[in-house]
Amino acid sequence: GGAFTSESIDIKYTQQQGVAVIPGADGSLVSVQVTDSRLDKSKVSSKKNGHGLETADITSNEDVTVTIGRAIEQEIRARGFKAGAGPADIKLTAEINRFYNDHKMGWFSGDAVADLSLSVRVSDAANKLLYSRTVMSQGREANTQLATSNSAAIALDKALEAGMKDLFNDQAFLSALKRGSSQVATAPASGKKTTSQLLDDLAADKSLSYEEYLRRYNMIRRDQP
């Protein structure tokens with residue numbers, strides 16, 4: 001399509017290969033709920049002209065909550081857990097804070113850079129919190145000649161794959177999915193918030209620009225044990 005014509009893309013997710021089934025995983029039924037808390041839910045990227053000015057929206061053919069929810073469920077099932085709607089042993093909620101591709105313009109070529117920020121919480125059937133974390137990942141399609149929907153889709157695909165890999169490589173997260181096998185860490189007696197709590201508070205602040213959000217995120221990760 002032209003630079004001034006809006007386009008819609010398919011965001012695709014490729015399930016991780018060579019994943020082992022976790023012993024005892026089949027004893028947990030996990031419900032997955034994904035919500036969209038992005039400031040702008042209307043698009044996942046924008047086309048740009050040679051001066052770096054946005055010219056047209058790039059939207060997703062499928063609601064991003066459906067895309068991300070399906071990716072999570074695929075990885076859950078690949079490890080031997082059951083995933084389904086309704087009453088469950090384990091409840092997994094994921095809040096999308098950002099899922100967007102920005103075309104970075106260069107002198108001879110540019111890069112499509114996509115960011116995913118996903119706040120994940122796991123609780124048991126009694127709503128006891130077992131796990132809480134904000135996952136941030138990035139996908140990049142380098143040396144693009146045009147700021148188009150094709151390169152945006154590739155970068156978004158990579159960001160989603162990187163986010164799922166990061167989340168499902170977290171042993172604390174996998175342990176929380178096993179019914180009754182994990183407990184959330186409590187805040188120190190001094191009242192000082194844990195890293196997870198600070199990141200949850202940051203993700204809840206929708207007034208921040210992404211640049212300020214990222215700056216504060218990096219500060220928290222650097223300063224906290």
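This is a short talk on the fold, the cores and one buried serine of a protein model.

Okay, so first thing: what we're looking at is a predicted model. The mean pLDDT of the protein is 82, and 76% of its residues get to 70 or more. Confidence isn't even along the chain, though: helix 1, residues 64-78, comes out highest at 97, while helix 5, residues 210-223, is lowest with a mean of 71. And please be careful with residues 182-190, where the pLDDT is below 50. That stretch does have 14 contacts in the model beyond its near neighbours in sequence.

Right, the fold. We've got 5 helices and 8 strands, and if you read along the sequence the pattern goes β-β-β-β-α-β-β-β-β-α-α-α-α. If you take contacts between residues at least 6 apart in sequence, 72% of them join residues at least 24 apart.

Of the 225 residues, 46% are buried. As for the outside, the accessible surface is about 11500 Å², and carbon and sulfur atoms account for 50% of that.

On to the inside. The largest nonpolar core has 44 residues. Which of them touch the most other members? That would be Ile 72, Ile 76, Leu 92, Phe 99, Phe 173 and Leu 177. The elements putting in two or more residues include strand 2, helix 1, and strands 6, 7 and 8, along with helices 2 and 3. Helix 2 gives the most, with 9 residues.

Let's zoom in on Ile 72. Skipping neighbours within four places in sequence, Ile 72 is in contact with Val 32, Val 34, Leu 92, Ala 94, Leu 118, Met 164 and Phe 168. There's also a second, separate core of 7 residues, and among its members are Met 136, Leu 199, Ala 203 and Ile 220.

Last stop, Ser 28. You'll find Ser 28 in the loop between strand 1, which is 7-9, and strand 2, which is 29-36. So is this loop serine buried or exposed? Ser 28 has a relative accessible area of 1%, and since the cut-off for buried is under 20%, it counts as buried. What's around it, then? Again leaving out neighbours within four places in sequence, Ser 28 is in contact with Phe 81, Lys 82, Asp 89, Ile 90, Leu 177, Lys 178 and Arg 179. Leu 177 should ring a bell, as one of the core residues I listed earlier.

That's it from me.

Methods: Residues numbered from 1 in each chain as written. Predicted model: local features only at pLDDT ≥ 70, side-chain atom pairs only at ≥ 80, totals over all residues. Heavy atoms only, no water. pLDDT = per-residue confidence, 0-100. Helix = DSSP H or I, 4+ residues; strand = E, 2+ residues; numbered from the N terminus. Contact = heavy atoms within 4.5 Å. Buried < 20%, exposed > 50% of the residue type's maximum accessible area, 1.4 Å probe, protein only. Core = buried A, V, L, I, M, F, W, Y, C linked by side-chain atoms within 4.5 Å. Areas by Shrake-Rupley, 256 points an atom, 1.4 Å probe, with all protein chains shown as cover.
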